[in-house]
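Student: I am new to this structure. Can you take me through the reasoning behind its labels?
Tutor: Gladly. Let us look at it together.

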Amino acid sequence: GTLVSFHIDGATGPCIVLAEAEAAWAAQMAARGIEVEWVTLLNESLSAINLPADSATMEAWISGTGTGGAVLADEGFAYSVMPKYTGSESGMSYPTMIVVSPDMTVLGWDSGFSSVENGGDGFGPIETLIFRDADQRTGL
């Protein structure tokens with residue numbers, strides 16, 4: 001089945017790096033037999049998490065990052081509906097990635113992003129969640 005990764009983003013450096021890398025990473029996952037669908041919940045900024053991105057920001061995000069998934073203006077949905085994963089108690093961090101299995105079970109989350117090329121974990125933390133779930137589903 002398809003896994004959905006919700007990204008709660010603002011127009012910050014790590015969010016842009018993640019968005020620019022997601023299409024290539026999703027293609028790599030597809031080549032490994034795992035389909036990943038991206039949904040970006042984009043708000044105005046880290047300091048305005050309950051304000052949705054305006055249309056100009058949305059258009060710039062889509063054209064500038066080359067993201068292949070849906071991009072939705074977030075009016076605080078992620079923060080209010082998924083507080084456990086957005087750090088609402090300790091302060092929100094961007095980007096936040098929430099991985100949901102095909103049966104809508106939240107597999108886990110990761111916050112912050114730095115590419116492997118820049119010494120970060122890249123998509124490693126969410127890959128671990130995805131492959132653990134795939135192993136459990138297929139019994140491998």
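Student: What makes Trp-25 count as buried?
Tutor: This is a predicted model, so the value is computed from predicted atoms. Trp-25 has 4% relative accessibility. Buried means under 20%. Therefore Trp-25 counts as buried.

Student: And why is Phe-123 called buried?
Tutor: The reasoning runs along similar lines. Phe-123 has 8% relative accessibility. The cut-off is under 20%, so Phe-123 counts as buried.

Student: How many aromatic pairs are there?
Tutor: The count comes to four. One of them joins Trp-25 and Phe-123.

Student: Why is the pair of Trp-25 and Phe-123 called stacked?
Tutor: Take the distance, then the angle. The ring centres lie 4.5 Å apart. Pairing needs centres within 6.5 Å, so the two rings pair. The planes are 15° apart. Under 30 degrees counts as stacked, so this pair is stacked.

Student: Which parts of the chain does the pair link?
Tutor: Distant ones. Trp-25 sits in helix α1 (residues 13-31). Phe-123 lies in the loop between β6 (106-111) and α5 (124-138). The two are 98 residues apart.

Student: Which residues do ring pairs link into a cluster?
Tutor: Trp-25, Trp-38, Phe-113 and Phe-123.

Student: How do you know that strands β2 and β4 pair?
Tutor: Count the bridges. Four join β2 (residues 35-45) to β4 (residues 70-73). Pairing needs at least two, so these strands pair. They run parallel. Val-39 has Ala-70 in β4 as its bridge partner.

Student: What about β2 and β3?
Tutor: β2 and β3 (residues 48-52) share two bridges. At least two are needed, so they pair too, in the antiparallel sense. Asn-43 has Pro-52 in β3 as its bridge partner.

Methods. Residues are numbered from 1 along each chain as its sequence is written. This is a predicted model: local features need pLDDT of at least 70, side-chain atom pairs count only at pLDDT 80 or more; totals for chains, interfaces and linings use all residues. Side-chain values use heavy atoms; hydrogens and water are left out. Rings of Phe, Tyr and Trp (its six-membered ring) pair if their centres lie within 6.5 Å; planes under 30 degrees apart count as stacked, over 60 as edge-to-face and the rest as tilted. Buried means under 20% relative accessible area, exposed over 50%, partly exposed in between (1.4 Å probe, protein chains only).
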